[in-house]
Amino acid sequence: MSTPRSSSTTAVADSRIPAQHPFAAHLGRAAAAERAAAHRAWHSDDGPLPSLYISHGAPMLFEMADWMTELHAWARALPKPKAILIVSAHWEAAPLSISSSRPAELVYDFGGFDPMYFAMRYDTPAATELAEQVAKLMPHSEPVHEHRTRGLDHGAWVPLKIMYPDADIPVLQLSLPTHDPARLVDLGRRLRGLREAGVLVIGSGYMTHGLPYLDWRRPDNVPGWSSDFDSWAADALSRGDVDELAGFRTNAPGMPYAHPTVEHFTPLFVTLGAATDPAAVPATAIGGFAIGLSKRSLQAA
């Protein structure tokens, strides 16, 4: 049973956020939506949950009201999952590993932000059952290592805190063990059965992530390399062309500026692998740009 939000450590920490902060307003809107109509829990009659690819921001996402509203509305449009398994761009580790199956300290893997973000909490229920399910899905030749003291990094807890602010869903993070698209699609395929048990499988990255090449004097400007890469990806996704997407290093316009390192794009292949048909056309749930980067986020059936 999850802890009531009114007495949870997450809620206590959230209560200290200044009332004028955009995230405090978001929490108020989310609470009002829940009072108006409780988020319906997933049931087996719903069938498998989709797999998601989410573009996530750093803590500055907590200051972007429109983006937060889009993420929360997306979450509420889906049945409330029994658990969440998320692969983040910010944990590249092999062999395959999982975060602690019991609540652990968050990973505040960012710098230069307001101290309030280092005091945020996201203390979710134990995910021991999910950890056991994941371990059973992997071959004996590839055992899953649990880091018992590792909590969620910001690629996981920042978007999830916005989407599911009550912190009442068990969450487990899976490491990104490779950047080989074929191997990541295969990893997603192994996770596919979790969706049938009400587990939401998420790949968390950013459709474009060329931070070194942004003009910070003009944050609303969308560089050509960002818009070109996004258009190319949208076209390939609309055709279900996984091979084209897998060749992004050489096929995509805007490279290597759109992804000087590739860890924010490759979680997409876990999402596609976890879909019932990786070549089926996913639905774009969120589009547009923020600080010049593509927010494109997808839902695969």
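Leu 130 touches Ala 83, Ile 84, Leu 85, Leu 172, Leu 194 and Val 199, once neighbours within four places in sequence are set aside; contact here means heavy atoms within 4.5 Å. The residue sits in helix 4, residues 128–137, where helices (H or I, at least four residues) and strands (E, at least two) are DSSP runs numbered from the N terminus. One of its partners, Ile 84, is 46 residues away along the chain, yet the two C-alpha atoms are separated by 8.4 Å. Leu 130 has a relative accessible area of 3% and is therefore buried; buried means under 20% relative accessible area, exposed over 50% and partly exposed in between, with a 1.4 Å probe and protein chains only.

A word on the ground rules: this is a predicted model, in which local features need pLDDT of at least 70, side-chain atom pairs count only at pLDDT 80 or more, and totals for chains, interfaces and linings use all residues. Residues are numbered from 1 along each chain as its sequence is written, and side-chain values use heavy atoms, with hydrogens and water left out.

**The chain as a whole**

The chain holds 10 helices and 10 strands. Its radius of gyration, taken over C-alpha atoms, is 18 Å, which agrees with the value near 19 Å for a compact globule of 301 residues; that rule is 2.2 Å times the number of residues to the power 0.38. The C-alpha trace spans about 50 × 50 × 35 Å along its principal axes. Of the 301 residues, 53% count as buried. Among contacts between residues at least 6 apart in sequence, 81% join residues at least 24 apart.

**Three residues in loops**

Here are three more residues to find in the model, each with its loop and its relative accessibility.

| Residue | Loop between | Relative accessibility |
|---|---|---|
| Pro 59 | strand 1 (51–55) and helix 3 (65–77) | 0% |
| Arg 150 | strand 4 (145–146) and helix 5 (154–163) | 16% |
| Lys 295 | strand 9 (293–294) and strand 10 (297–300) | 9% |

Pro 59 counts as buried, and beyond four places in sequence it is in contact with three aromatic-named partners to look for: Phe 110, Phe 113 and Tyr 117. Pro 59 and Lys 82 are 23 residues apart in sequence and 26 Å apart in space, C-alpha to C-alpha.

Lys 295 is buried too. Leaving aside neighbours within four places in sequence, its contacts include Ser 55, Trp 67, Glu 70 and Tyr 206, together with Ile 286, Gly 287 and Phe 289. The C-alpha atoms of Lys 295 and His 259, 36 residues apart along the chain, are separated by 14 Å.

Arg 150 counts as buried as well. Residues up to four places away not counted, it touches His 90, Trp 91, Ser 99, Ser 100, Ala 104, Val 107 and Gln 173.

**Cavities**

The whole structure has four cavities of 30 Å³ or more. A cavity is a set of points on a 1 Å grid over the protein atoms alone where a 1.4 Å probe fits but cannot get out, and lining residues have an atom within 4 Å of a point. The largest cavity contains about 100 Å³ of space. Of its 14 lining residues, Pro 103, Ala 104, Thr 124, Leu 152 and Val 171 are the closest to its centre. The lining divides into eight nonpolar, five polar and one charged.

Terms used:
On a 1 Å grid over the protein atoms alone, a cavity is a set of points where a 1.4 Å probe fits but cannot get out, and a pocket is an open set with protein on both sides within 12 Å along at least five of seven lines; lining residues have an atom within 4 Å of a point. Grid points are joined across faces, edges and corners, and a volume is the space filled by probe spheres set on the points. Ala, Val, Leu, Ile, Met, Phe, Trp, Tyr, Cys and Pro count as nonpolar, Asp, Glu, Lys and Arg as charged, and the others, Gly among them, as polar.
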